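Here are a few short exercises to work through with the model open in your viewer. Try each task before you read its solution.

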Amino acid sequence: MFRDSVFPVLLQAAVHVREKKVPKAEEVLSRYAEKHPDNSKGVLLALAQIAANANHFQIAADSLSKISDIQHMPATVATLVALKERLNDSNGAASVLDSAIKWWKNAMTEDNKLDMFMREAATFKLNHGRDEEACQLYEELVKSYGSTEALAGLVATSACTDLAKAEQYEKQLKPLPGLQGIDVKSLEKTSGARHVEQAMKVDAPEEVKKQKAKKRKRKPKYPKGYDPANPGPPPDPERWLPKRERSTYRPKRKDKRAQVRGAQGSVSREKHDASAANASATSSKPTTSAKAPEPPKGSNKSRKKKSRS
C-alpha cells in the first residue's frame, strides 16, 4: 500500500531487530536505499546504527559515507574515524579527516570548523606515527591562527623530524614563570629523582601538639550493675558456642530395649511368633464337658430354722 514511504521499511527493520534477525533488517534497509537513493537518508542512518550495534563496522561506515549532506559534519567525521579505527584502517580514517579539512577550507560559512579539524587531524596523525603530516598541520595552524597549543605541538613534532625548525619555533614560545633560575644542562646530567624509602619527619607546630594533648581519655562504659572493682567470676568463654560444640556437652543415651525396626505399624517377628504359638496351643486342648449345676443355696433364714430344729 505504501511502497514509496520510508516508515513501513523502518518499521519492518525494527521488527526484525526485535526478533534478533539483524542481517534480515540490514538487507531490507540496504535494498530500499538502492531503489530510492534520493529518499534514503533516514534509512541509511538507521542502517548505520543497527550495523554498529551488531559490530558490523564496515556496513555502518559504508552507509554513513553514502550520505552526502552530512559527510563533513563533526559528528559524522568523528563516527567514521572511530569506525575505521575499529576496522584497523588508519589510512581510511586519515583520508576522512583530510577530505573534511579540504571541504572546510573551501566552505564559505561563518561558523568554520577548519581549526578544530586540523587540530584533531594533527593529533590523530601524531598518535599513528605520521610525524611529518602532523608537523605540516601544526605549522599551518601556527601561521593561520597563532595558537599556543599548535606552536607547542609543532615544536614537539618537528624535534623528531627537523631539529632546526624546532629550534626556530621554540624561540616563539613564551617562558613559563618560575623556570628562569633552573639550569637545564645540570638537570640533564643528573640521574633523576631518587626513591626515598623512609618518609621525612615533619615537626608539627606547637598549637597542634597542644590540641592533641587536650584530648581527654573517655572512661569506658560498663553495663548496669557491673562493678569494675569486683567483677566476679569470668564469663564462660564457650557461651557463644552451640551446646553440641561445648566441652561440657554429654549426649543422651538412647534406650535400645524398646526398639522396633521396620515400617510404621509393623510388629516385631518375635511377638508375632509368640502370638501364633499361643493360638495353636489353645486350639489343640480337648473340650471339657459342661460343669453340673450346683444346688441352689438357701437363704439365711432357712439355715437358721434348720439349726434350731
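Three exercises follow, on ring pairs, on a helix with two sides, and on a histidine.

Before you start, note that this is a predicted model, in which local features need pLDDT of at least 70 and side-chain atom pairs count only at pLDDT 80 or more, while totals for chains, interfaces and linings use all residues. Residues are numbered from 1 along each chain as its sequence is written, and side-chain values use heavy atoms, with hydrogens and water left out.

**Exercise 1.** Classify the ring pairs that link Trp103, Trp104 and Phe117.

*Solution.*
- Start with the rule: rings of Phe, Tyr and Trp (its six-membered ring) pair if their centres lie within 6.5 Å; planes under 30 degrees apart are stacked, over 60 edge-to-face, and the rest tilted.
- Applying this rule gives three aromatic pairs.
- Trp103 and Trp104 make an edge-to-face pair, at 5.0 Å centre to centre and with 85 degrees between the planes.
- Trp104 and Phe117 are stacked, because their ring centres are 6.1 Å apart and their planes meet at 25 degrees.
- Trp104 belongs to helix α6 (residues 90-106) and Phe117 to helix α7 (residues 114-127), so this pair ties together parts 13 residues apart in sequence. Helices here are DSSP runs (H or I, at least four residues), numbered from the N terminus.
- For burial, under 20% relative accessible area is buried, over 50% exposed, and in between partly exposed (1.4 Å probe, protein chains only). Trp104 at 5% is buried, as is Phe117 at 4%, whereas Trp103 at 36% is partly exposed.

**Exercise 2.** Check the length of helix α5 (residues 74-86), then find which side is buried.

*Solution.*
- The expected span is 1.5 Å times one less than the number of residues. For the 13 residues of α5 that gives 18 Å, and the end C-alpha atoms are 18 Å apart, which agrees.
- The buried residues of α5 are Thr76, Val77, Leu80, Val81, Leu83 and Lys84.
- They cover an arc of only 165 degrees around the axis, so they sit on the same side of α5; the arc is taken from the directions from the helix axis to the C-beta atoms.
- An α-helix has 3.6 residues a turn, so residues three or four places apart point the same way.
- Ala75 and Arg86, on the other side of α5, are exposed.
- The buried residues pack against α4 (57-65), α6 and α7.

**Exercise 3.** Is His16 buried or exposed, and which residues does His16 touch?

*Solution.*
- His16 lies in helix α1 (residues 7-18).
- His16 counts as buried, because its relative accessibility is 12%.
- Leaving out residues up to four places away in sequence, His16 touches Lys21, Val22, Lys24, Ala25 and Val28, where contact means heavy atoms within 4.5 Å.

Methods: Helix = DSSP H or I, 4+ residues; strand = E, 2+ residues; numbered from the N terminus.
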